[in-house]
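Visitor: Please take a close look at one part of this model, and tell me how its charged side chains are placed and what surrounds them. I would like one connected account that then sets this part in its wider context.

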Amino acid sequence: MTENTLLKKKVDIVIFIEHKDREMQISKYLKKKLEENNYSVIIASLHFHTHIILFQYEIKTIVTPYIGFGKSSISNLFFKVHGLNINYINMNYEQFLFPFAGKFKIPKTEPAKKHQINFAWGDHFKEYLTNSGASKKNIYITGRPYAKIIKELNLNKSKIKIDLASDYNLDPNKKWVFIALTDPLSFLDDKTLDKIVEAGADKKGMYFQVDHD
């Protein structure tokens with residue numbers, strides 16, 4: 001059986017997620033809103049479902065958590081198969097950037113600069129993208145999706161703290177400090193930090209961040 005004889009499933013939009021804990025809720029919200037406007041949508045794992053989508057689905061648009069047009073990355077793989085016959089939308093989940101790592105997030109290839117649609121939370125990130133060569137007409141300021149989700153949840157903060165205290169045997173009367181998952185940078189040794197510099201990070205900016213953390 002050849003590829004041409006395979007009956008592919010048709011879907012308008014595939015929303016790819018990388019980190020379930022921070023992207024699934026927003027993806028489900030987007031899926032619901034898009035389906036209300038008669039689009040067919042599926043949510044797929046960037047790591048586990050990419051090959052399935054490529055071989056078993058006829059698609060119109062992919063939504064990715066980041067630019068992903070680097071070598072062997074998500075958008076690049078789909079571009080090799082579909083070219084400009086489908087749309088590429090970048091959610092840009094990471095828009096609070098370390099002073100040393102910003103250039104990891106910039107568009108570097110022609111498809112990323114000229115064709116990929118980018119969502120920016122505000123003018124600052126829009127300017128960051130345009131200064132890096134991204135097409136201004138493909139950048140849309142959306143606000144931060146998390147803000148919309150949290151507002152709609154209308155959560156009771158006191159109850160959340162009580163529930164967490166019960167689940168994890170914590171004292172609800174004490175002040176709690178949450179440490180971001182990116183802060184462990186400060187616990188890395190110089191050898192590991194030097195490898196990050198070799199990958200393209202700005203050394204001065206990185207050690208400033210380490211000292212800050």
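Guide: Because glutamate 35 and lysine 31 are four residues apart in helix α1, about one helical turn separates them (helices, H or I, of at least four residues and strands, E, of at least two are DSSP runs, numbered from the N terminus). An α-helix has 3.6 residues a turn, so residues three or four places apart point the same way. The side chains of glutamate 35 and lysine 31 meet in a salt bridge, 2.6 Å from N to O, a salt bridge being a side-chain nitrogen of Lys or Arg within 4 Å of a carboxyl oxygen of Asp or Glu. Both partners are partly exposed, glutamate 35 with a relative accessible area of 35% and lysine 31 with 24%; here buried means under 20%, exposed over 50%, and partly exposed in between, with a 1.4 Å probe and protein chains only.

The model is predicted, and local features need a pLDDT of at least 70, side-chain atom pairs count only at pLDDT 80 or more, while totals for chains, interfaces and linings use all residues. Residues are numbered from 1 along each chain as its sequence is written, and side-chain values use heavy atoms, with hydrogens and water left out.

Helix α1 covers residues 20-36 and also holds glutamate 23, whose surroundings deserve a careful look. Glutamate 23 is buried, with a relative accessible area of 1%, and its side chain joins that of arginine 22 in a salt bridge of 3.8 Å, N to O. Arginine 22, by contrast, is partly exposed, at a relative accessible area of 31%. The pair is part of a wider arrangement, since Arg22, Glu23 and Glu94 are linked in a network of salt bridges. When residues up to four places away in sequence are set aside, glutamate 23 touches Phe16, Ile17, Glu18, Pro65 and Tyr93, where contact means heavy atoms within 4.5 Å.

Asparagine 92 belongs to the loop between β4 and α4 (110-114). Asparagine 92 counts as buried at 4% relative accessibility, and its phi is near 55 degrees, a positive value in a residue other than glycine. Most residues other than glycine have a negative phi. Asparagine 169 likewise has a positive phi of about 55 degrees although it is not a glycine, but asparagine 169 is exposed, with a relative accessible area of 74%, and lies in the loop between α7 and α8.

The pairing described for α1 has a counterpart in helix α7 (residues 157-168), where lysine 159 and aspartate 163 lie four residues apart, about one turn of the helix. Lysine 159 forms a salt bridge with aspartate 163, with the closest N and O atoms 2.9 Å apart, and aspartate 163 is partly exposed at a relative accessible area of 33%. A search of the whole structure finds eight salt bridges.

Two other elements help to place these details. In helix α3 (residues 74-82), Ile74, Ser75, Asn76, Phe78 and His82 are buried, and the buried residues of α3 pack against β1 (9-17), α2 (50-56), β3 (57-64) and β4 (87-90). Just after α3, glycine 83 takes a positive phi of about 60 degrees. Strand β3 contains tyrosine 57, which is buried with a relative accessible area of 16%. Tyrosine 57 is in contact with Lys8, Lys9, Val11, Ile42 and Ile52, leaving aside its neighbours within four places in sequence. Tyrosine 57 and leucine 7 are 50 residues apart in sequence, and their C-alpha atoms are 8.7 Å apart in space.

For the chain as a whole, there are nine helices and six strands, and the C-alpha trace spans about 65 × 45 × 35 Å along its principal axes. Of the 213 residues, 34% count as buried. Among the contacts with a separation of 6 or more, residues 24 or more positions apart account for 63%.
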